[in-house]
Structure formats: structure tokens, C-alpha cells
Amino acid sequence: MHFVALDVTTESADELREMLTAWTRAAERMTYGAEAAPGGAVGLGPYGVPTDTGEALDLPPSNLTITIGYGPTLFERFGLEARRPDALEELPGFMGDDLDPATSGGDICIQACADDPQVAVHAVRNLIRLGFGVVSVRWSQLGFGRTSSTSSSQATPRNLFGFKDGTANIMAEDTAALDEHVWVAPSDVSGEAAWMAGGSYLVARRIRMHIEVWDRTNLQEQQDIFGRGKLKGEPLGGTDEFETIDFAAKRMDGEPAIPMVAHVRLAHSSNLGGVRILRRGYNFTDGSDGQGHLNAGLFFIAFMRDAHKQFVPMQRALAAKDVLNEYIEHTGSALFACPPGLGPDEDWGTQLF
Ligand code: HEM
């Protein structure tokens, strides 16, 4: 995954709209393995400036997907005020946040995912190049090994704490749950904000994981923190990864099998009045921190119908009580409104304006 947050530097709405239209064509081309624009890396001859940077020339499309989103700050300009959906409000601060403004926020985001990192980086780089003079990079993040499974055909991947991640996620096959928790319904938005119907809000949190401390923790404590077994991912007190969690199960000593402050108990919909989200995060390691520790963690990405009704209560519950907090630190945060998919004659520019 290559994720980038951009600030819009132009004051011209026309330039912004034209860039979004150019992005649409380039994104479409790159997802089927073509160069970002006609002409490409060498086709304009020795005196032309290449319209593609070239590093993906011999590579297949690699299942590239490109998602874009708009931050709340974008709508303060360009006459877009009335088009801002009400739910696109900055996230509040949470207990324990240690956010760096240099890795938070942004007017626009691009998330490119591919089987080959070079293809994802190529896609983001070429969109940035097309946006020269219109947008500038605010922060970016590379990630690997998608941590959350999002389809029942996918074996559950593991995060950098070694646990299966995504077991209880909303799966792509569960269209009723997607409609209820992930896609913005037409009734959620009205008037000029109706363009967002069918879209989804993206919450990004850069979460540093103190893996050296974790690696000195015994297995039982690790399992108690999540409330699941490390090898199979079964809920503590149960046997199978995908069985329904029994929060009433007791250990031999009469204590709850899943501790009251375990991550899955606090994040579970039964603790949150039915709230769920679709998690789609990635692992990251950004070198080391100069103090002998890897600068590693989880680039948490989640999609939902309304971040203030879903992510906010969930993160409040986790921030207040989750024992996992001893091992993690939220260092970046952003909220974006991702527009719905485009029809054949549509593009991001005309969709937004
Ligand atoms: C479940 C890891 C942060 C929401 C889980 C599970 C693991 C895990 C191992 C159990 C397997 C599963 O069902 O996916 C982590 C790690 C985190 C982190 C390592 C930080 C570095 C968060 C955050 C949120 C969140 C910030 C949302 C605010 C959830 C939810 C579940 C879950 C909703 C499913 C609970 C259920 O219904 O059983 N997480 N998580 N997690 N996590 Fe996290």
C-alpha cells in the first residue's frame, strides 16, 4: 500500500477540477496496466517530457486499486462549502493520542494498493506528477501485508504482534452488513452533499507498535490483551477462529475467559450498541527510531458510513480501557470522504463540482 495525503496549493477551482479529471483517466489506465497517459515514458520522442515515469513499464497491473478521498479542509475553499457532507467533520482528540501534525490531516488522500509495491508507488507518483502546481504532498505512508481480511476466501493475515487480524471484520460477501455499516445511504446526505451517497468515510490512524516491549511479554498476557489465541485466533474459552464469541465464558478460576479490558471485548459491537466498522489496515516499518527500536506499527485504515457514530465511540472505548494501549501509540490521524465508484462517463472532477 502507498497512502498519500495532499494539500491543495492552487486557488483555482478549475485547476482542481481539471486535475481530478486527469487523475480519473490516469487511474483507469494504470489499473489495467497501461502507462499513466498516452505517449507514456518514451512515446513523445527525445524532446518530449515523458507522461509516465516508467518504473512500472515491464510489470503487470498487479491488481492495482486506487481510492481517493476528500478531507474536511478541502470544503472550506473553492465554493465547495455546501457540498461538504455533515459527517465530514474533523475527528475529536482521544485519550492517549500523540498525534504529529506532520502525519495527520490533508485536503485529499490517495490510497493505492497492489500485489507489487512498485506498482502502487508508481501509481501514486504519477498522480502527484499530474497534480504538480495544484497539490503538494503533506505526508505519506508505505504499508505491507494487509492486516485485516475483508473476504471469507482470504486466510486471516497477521499483524506485527503476530496475531490474526480481521477475523471478526465485515466481509465483502456480507452485503447487508456493508449497507448497514459501510456505505453512505442516499438518506444520509441531502442537497448538494448528495454526491456522497454510495461512498464511504475513511479513517486513517498511524499506530506505532512498541514491538520490543511486546516481544518480552509472555504468551498468556499477549492472548489476554486481545482476548484471542495466538496460533488459531480462537476467542479465549472457545476452539475455532470463526465461532461466535462467548463473553460469558469463564476460566477454571472463575475469572472471565476474555478479560473485561481485552481488545475484542471493548471493540465488539455488543459493547457499542451495535456499531461495526470495516478494517483494512497495513503493517509498516519506517526504519528505526535512533534509540535501538524499530519504528513499526499498524497503519490502521477503516471504512464506515459515519465516523462520528462508529469510529469515535469505538476509539473512545478503546482509549479509555484497552490494555493494548500499553504497547501502542497513535501518532497520526486523518478523516476523508471517499466518493462512490464512477460510471463509464463520469470522472472525479465533475462528480465533486
Ligand atoms: C479486533 C489487533 C487497533 C477495532 C482485533 C483483533 C486483533 C486486533 C488481533 C482480533 C481479530 C479480529 O477480529 O480482527 C489490533 C491492533 C491494533 C488495533 C494490533 C493497533 C495497533 C484497533 C483500533 C480499532 C480496532 C484503533 C478501532 C477503533 C477492532 C475491532 C475488532 C478488532 C472492531 C473486532 C472486534 C470483534 O467484533 O470481535 N484487533 N487492533 N482495532 N479490532 Fe483491533
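## Helix α5, the ligand shell and the core

Helix α6 is among the elements that cover the buried residues of α5. The model is predicted. Its mean pLDDT over the chain is 97, with ipTM 0.98 and pTM 0.97. A ligand is present, with 28 residues around it. The largest nonpolar core holds 81 residues.

**Confidence**
- Residues scoring a pLDDT of at least 70 make up 100% of the chain.
- The scores for the model as a whole are 0.98 for ipTM and 0.97 for pTM.

**Annotated domains**
- UniProt, in an unreviewed entry, assigns residues 1-144 to "domain: Dyp-type peroxidase N-terminal".
- Helix accounts for 23% of residues 1-144 and strand for 19%.
- The C-alpha atoms at the two ends of that span are 6 Å apart.
- The unreviewed UniProt entry also places "domain: Dyp-type peroxidase C-terminal" at residues 156-341.
- Residues 156-341 are 19% helix and 22% strand.
- Here the end C-alpha atoms lie 27 Å apart.

**Ligand surroundings**
- Which residues come nearest to the ligand? They are F163, T167, A168, A267 and L298, out of 28 around it.
- By type, the shell consists of 16 nonpolar, eight polar and four charged residues.
- Four elements each supply at least two shell residues: β6 (200-209), α6 (263-267), β9 (294-304) and α7 (311-321).
- Helix α7 contributes the most, with four residues.
- Helix α6 therefore has two roles in this picture: it supplies at least two residues of the ligand shell, and by C-beta contacts within 7 Å it helps cover the buried residues of α5.

**Helix α5**
- Helix α5 spans residues 219-226, and its buried residues are D224, I225 and F226.
- The cover over these buried residues includes α6.
- G227 follows the helix and has a positive phi, near 85°.

**Nonpolar core**
- In soluble globular proteins, nonpolar side chains tend to be buried together.
- Within the largest core, of 81 residues, those with the most contacts are C109, A112, A120, A123, Y201, A302 and M304.
- What does C109 touch beyond its neighbours within four places in sequence? Its contacts are F3, V4, A5, I68, G69, A334 and F336.

**F336, a buried residue in β10**
- F336 sits in strand β10, residues 328-338.
- It counts as buried because it has 29 C-beta neighbours inside 10 Å, where the cut-off for buried is 20 or more.
- Beyond residues within four places in sequence, F336 is in contact with G69, Y70, G71, C109 and L202.
- F336 and I110 are 226 residues apart along the chain, yet their C-alpha atoms are separated by 10.0 Å.

**D52, a buried loop residue**
- D52 lies in the loop between α1 and β2.
- Is D52 buried or exposed? D52 is buried, because 24 C-beta neighbours lie inside 10 Å.
- Its contacts, leaving aside neighbours within four places in sequence, are E35, A36, A37, G40, A41 and N126.
- D52 and L127 are 75 residues apart in sequence, with 9.8 Å between their C-alpha atoms.

**D7, in strand β1**
- D7 belongs to strand β1, residues 2-8.
- D7 counts as partly exposed, because it has 16 C-beta neighbours inside 10 Å.
- Not counting residues up to four places away in sequence, D7 touches G106, D107, V135, S136 and R138.
- R138 is 131 residues from D7 in sequence, but 6.0 Å away in space, C-alpha to C-alpha.

**Positive phi outside glycine**
- N63 is not a glycine, yet its phi is positive at about 55°.
- N63 lies in the loop between α1 (13-31) and β2 (65-70).
- Why does N63 count as exposed? Because 11 other C-beta atoms lie within 10 Å of its own, and the cut-off for exposed is 12 or fewer.
- F78, also not a glycine, has a positive phi of about 60°.
- The loop between β2 and β3 (108-113) holds F78.
- F78 is partly exposed, because it has 19 other C-beta atoms within 10 Å.

Terms used:
Residues are numbered from 1 along each chain as its sequence is written. This is a predicted model: local features need pLDDT of at least 70, side-chain atom pairs count only at pLDDT 80 or more; totals for chains, interfaces and linings use all residues. A residue is near a molecule or strand if its C-beta atom, placed from the backbone, lies within 6 Å of it. Ala, Val, Leu, Ile, Met, Phe, Trp, Tyr, Cys and Pro count as nonpolar, Asp, Glu, Lys and Arg as charged, and the others, Gly among them, as polar. UniProt positions are given in the numbering used here, feature names are shortened, and annotations may be inferred rather than shown by experiment. A nonpolar core is a set of buried Ala, Val, Leu, Ile, Met, Phe, Trp, Tyr and Cys residues joined through C-beta atoms within 7 Å. pLDDT is the predictor's confidence in each residue, from 0 to 100.
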